[in-house]
Amino acid sequence: MVRWPDAEAERYREAGYWQGRTLGDFLAGHARTIGTATALVADGERVSYAELDRRAGHLAAGLAALGIAPGDRIVVQLPNGPEFFVLLFAALRIGAVPVLGLPAYRRSEAVHLCDHSGAVAYVVPAVDPDPASDFDYPALAEEVREQVPGLRHVLVAGGDPGPHTALADVEGAGRRSPLPPGAFAVPDPLDPAVLLVSGGTTGLPKLIPRTHEDYAYNVRASAELCGLGPGTVYLAALPVAHNFALACPGALGTLLAGGTVVLSASPDPETVFPLIERHRVTVTAVVPPLAALWSQAAEWSPEDLGSLALLQVGGARLGPETARRVRATLGCELQQVFGMAEGLLCMTRPGDDAERVATTQGRPLSPDDEIRVVDADDRDAPAGEIGELLTRGPYTLRGYYRAEEYNRTAFTADGFYRTGDLVRVLPGGDVVVEGRRKDLVNRGGDKVSSDELEGHLRAHPAVLDAAVVPVPDDYLGERTCAWIVLRERSTGPGGPAAAAGASRAGELPSAADAFGPGGLDAFLDGRGLAPYKKPDLIHVVDSLPLTAVGKLDKRVLTRRAAEAASRRS
Ligand code: OOB
């Protein structure tokens, strides 16, 4: 990994941001001081701080007994449940590095994460808690294991492990032969604590090393900003594998503050509203489409949501109208969060006036977050003008993991991260996100890399070329639109398509004929792509538009996609 230069590291230590501690070390202290308090609630199960600490210790010993050593990577693909946290704290204790994958990932993503991180272990749930997808994770793990020879262990949480090892057995082995405190060397706080997955890069997803120092600061500072304390009851509605729900301040911020984390397997109002009422939830975080959905549902749902004091909304653009409506219907304080797994967090502050909260994405979390707004030539844009946001600071990465070449363009020579987001900064320092330069589709917080999806589309034998662009959508903000040029067409009359009878000369074959049984959907499923990355709209065309210099003109495609969508609605 790329480290911060010594001078900066020193500055962050002197300012008190970096405290020389590991990310999980507060847990043992809490177990002593507030051991009986409830740390986690899930499915009626309550886990106290003492129990979480004890279980993490047992699992740490069990993992060590399997031969998992400091620095080893463990790909974790677990839903919101106690096991996620037992495993996270266990790994942190022995200095193993969890690679946090989303539950929606499938073979393509899982193989990439295990392979690219050089993981020794992969952890999946026995049962998909989402009945709508009912996905077979142990079967996925078998496929991953075949394709990634370096993977030594597949550990299965909660239920029948099939041909793999039950996570509970690893914990049980550690319980029978526990290791004394001090048995493990304390991890170096400057080393990665976790690897997060980037939403917005070219090619396959990049991994973000978050060190103990920088991530602990991220958690602590955001927990302070949001005023979390022992009375906080945080509802994890979004996946805790995502930075927002994990650490901004999220579940880790709540645990650090001695509060209670309520884990929900789904963010649907039918699931979360009863949880909010029953557990008197005070804080939660959602993406904009969910904020809108919750606000609508709150108008007719019988549950009492009065305990909710703060709703954080982030991950994608929240329009001012939605912001005002959400505040009015849910009757709680709203906070906009513009964040990224790479680091920088901008947040509106509790107490900011309502208009500021409705119309801006807040200001950087740390006094030492440096931000620059630049034009296409990296020159500072005039004050208040729109430009690309560059940032560096005490919790923003200096380089992706094992990505030397990519890092040369993703960062400036002096270490600023190019966010790819187009912003403007108001005189009071508030940031307003105006668009983006990076090539991705933000489906209501779920990021789809155009490049990654185009690669999958081009792999189809009937596809000659493909381009993926966003199209505006009332609910998600954006949806994914794929423009596809078919091979048959390009071979002209008498080519393979004509021979196969799929089309008459000069006429496009119907998409259904060209893509085979089940269409593109089935093809992409077969490639093991996460379902949310599949295109929402497909246009088959003769050719893709080019710019004057002969490059693909995505601006034209984006405009055409929007026009086609508005004609339809
Ligand atoms: C969060 O993290 P990621 O890594 O999934 O995505 C980061 C990107 C940003 O670069 C930006 O393009 C977009 O998501 N984004 C927003 C936004 N928050 C994130 N765009 C407009 N308005 C916002 N409020 O999405 C994330 C990480 C931590 C906290 C919150 C969100």
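**Exercise 1.** Determine how the lining of the second largest pocket in this predicted model divides by residue class, and state which helices contribute to that lining.

*Solution.* Step 1: the classes comprise 13 nonpolar, 6 polar and 5 charged residues. Step 2: the lining consists of 24 residues, and the volume of the pocket is about 610 Å³. Step 3: Ala28, Arg93, Pro181, Gly182 and Phe184 are the lining residues that lie nearest the centre of this pocket. Step 4: at least two lining residues come from each of α2 (26–33), α3 (49–65) and α4 (82–94). The greatest contribution is that of α3, with 5 residues.

**Exercise 2.** Classify the mutual orientation of helices α16 and α20, and describe the residues at their contact.

*Solution.* Step 1: helix α16 spans residues 450–458 and helix α20 spans residues 519–526; their axes come within 10 Å and cross at roughly 105°. Step 2: angles of 65 to 115 degrees count as roughly perpendicular, and α16 is therefore roughly perpendicular to α20. Step 3: α16 contributes Leu453, His456 and Leu457 to the contact, while α20 contributes Leu520, Phe523 and Leu524. Step 4: by class, this contact has 5 nonpolar residues, 1 polar residue and no charged residues.

**Exercise 3.** State how the chain is assigned to domains, and characterise the relation of domain 1 to domain 3.

*Solution.* Step 1: the domain assignment gives domain 1 as 26–185, domain 2 as 367–436 and domain 3 as 440–568. Step 2: a distance of 38 Å separates the C-alpha centres of domain 1 and domain 3. Step 3: their contact takes 7 residues from domain 1 and 10 residues from domain 3.

Key
Residues are numbered from 1 along each chain as its sequence is written. This is a predicted model: local features need pLDDT of at least 70, side-chain atom pairs count only at pLDDT 80 or more; totals for chains, interfaces and linings use all residues. Side-chain values use heavy atoms; hydrogens and water are left out. On a 1 Å grid over the protein atoms alone, a cavity is a set of points where a 1.4 Å probe fits but cannot get out, and a pocket is an open set with protein on both sides within 12 Å along at least five of seven lines; lining residues have an atom within 4 Å of a point. Grid points are joined across faces, edges and corners, and a volume is the space filled by probe spheres set on the points. Helices (H or I, at least four residues) and strands (E, at least two) are DSSP runs, numbered from the N terminus. Ala, Val, Leu, Ile, Met, Phe, Trp, Tyr, Cys and Pro count as nonpolar, Asp, Glu, Lys and Arg as charged, and the others, Gly among them, as polar. Axes are lines fitted to C-alpha atoms, for helices over the stretch in contact, and angles run from 0 to 180 degrees between N-to-C directions. Angles under 35 degrees count as roughly parallel, over 145 as roughly antiparallel, 65 to 115 as roughly perpendicular and the rest as oblique. Contact means heavy atoms within 4.5 Å. Domain bounds come from an automatic or database domain assignment.
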